[in-house]
Amino acid sequence: MEKTRRLAHVERIPIRWGDMDAMGHVNNTVYFRYMEQARISWFEALIPEADAWQSTGIVIVNASCNYKRPITYPGTVEVRLLVGPPGGSSVPTFYELRVDSDPAPYADGAAVVVFVNMKTQKPSRIADAIRERLLHARVTV
């Protein structure tokens, strides 16, 4: 892990029976849902409640996932969200997916998050107070 990445959020998500596919493991698209849920929870902890989804929102401009081992039901996925240095309106985010107490990742991924003005739906510069929180990320659970 690069030194510029900081652990910012940990989300625990129960694996649902319906997350699995005909192959008997969690479908590959669900991994992106797990990362999405962690990203949304992190954003809502990062942004003041009055602003989140009212004046400030986020979109992603790309996303990737590296599948290392299949996830199966039952269990709990732990998604660790790390942030990199913010740009003008964007911040790179990184994800590690683990299951239960297994320390080895089942998958990892990344997404570039862009902050947007909810009224105009256009990218907006990250506010100084939010930028400061990104640079000195504290873990939310």
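Trainee: In this predicted model, does R16 count as buried or exposed?
Mentor: The relative accessibility of R16 is 57%, and the cut-off to compare with this value is that exposed means over 50%. Because 57% is the value for R16, this residue counts as exposed.

Trainee: Which residue does the side chain of R16 meet in a salt bridge, and is that partner buried or exposed?
Mentor: The side chains of R16 and D19 meet in a salt bridge, with 2.8 Å from N to O. The relative accessibility of D19 is 3%, and buried means under 20%. The partner is therefore D19, which counts as buried.

Trainee: How many residues apart in sequence are the parts that K68 and D108 tie together?
Mentor: The side chains of K68 and D108 also meet in a salt bridge, here with 3.2 Å from N to O. K68 lies in the loop between β2 and β3, whereas D108 belongs to strand β5, so the parts that this pair ties together are separated in sequence by 40 residues.

Trainee: Which residue of strand β1 does E78 meet in a salt bridge?
Mentor: E78 lies in strand β3 and is buried, with a relative accessible area of 13%. The side chain of E78 forms a salt bridge of 3.2 Å, N to O, with a residue that lies in strand β1, so the pair ties together parts that are 66 residues apart in sequence. That residue counts as partly exposed, at 48% relative accessibility, and its name is R12.

Trainee: Which residue is linked with R12 and E78 in a network of salt bridges?
Mentor: Side chains of opposite charge can pair when their charged atoms come close. Beyond the pair of E78 and R12, the network takes in a further residue, namely R80.

Trainee: What is the bridge partner of E78 in β4?
Mentor: Strands β3 and β4 pair in the antiparallel sense over seven bridges, and a hairpin of six residues joins them. Within β4, the residue that partners E78 is R98.

Trainee: How many of the ten residues of strand β4 are buried?
Mentor: Strand β4 pairs with β3, and eight bridges also join β4 to strand β5 in an antiparallel arrangement. Strand β4 is largely enclosed by the rest of the structure, because the number of its ten residues that are buried is eight.

Trainee: At roughly what angle do the axes of helices α1 and α2 cross?
Mentor: The axes of α1 (residues 28-46) and α2 (residues 128-135) come within 11 Å, and the two helices are oblique to each other. The angle at which their axes cross is roughly 125 degrees.

How values were computed: Residues are numbered from 1 along each chain as its sequence is written. This is a predicted model: local features need pLDDT of at least 70, side-chain atom pairs count only at pLDDT 80 or more; totals for chains, interfaces and linings use all residues. Side-chain values use heavy atoms; hydrogens and water are left out. Axes are lines fitted to C-alpha atoms, for helices over the stretch in contact, and angles run from 0 to 180 degrees between N-to-C directions. Helices (H or I, at least four residues) and strands (E, at least two) are DSSP runs, numbered from the N terminus. Angles under 35 degrees count as roughly parallel, over 145 as roughly antiparallel, 65 to 115 as roughly perpendicular and the rest as oblique. Buried means under 20% relative accessible area, exposed over 50%, partly exposed in between (1.4 Å probe, protein chains only). Two strands pair if DSSP finds at least two bridges between them. A salt bridge is a side-chain nitrogen of Lys or Arg within 4 Å of a carboxyl oxygen of Asp or Glu.
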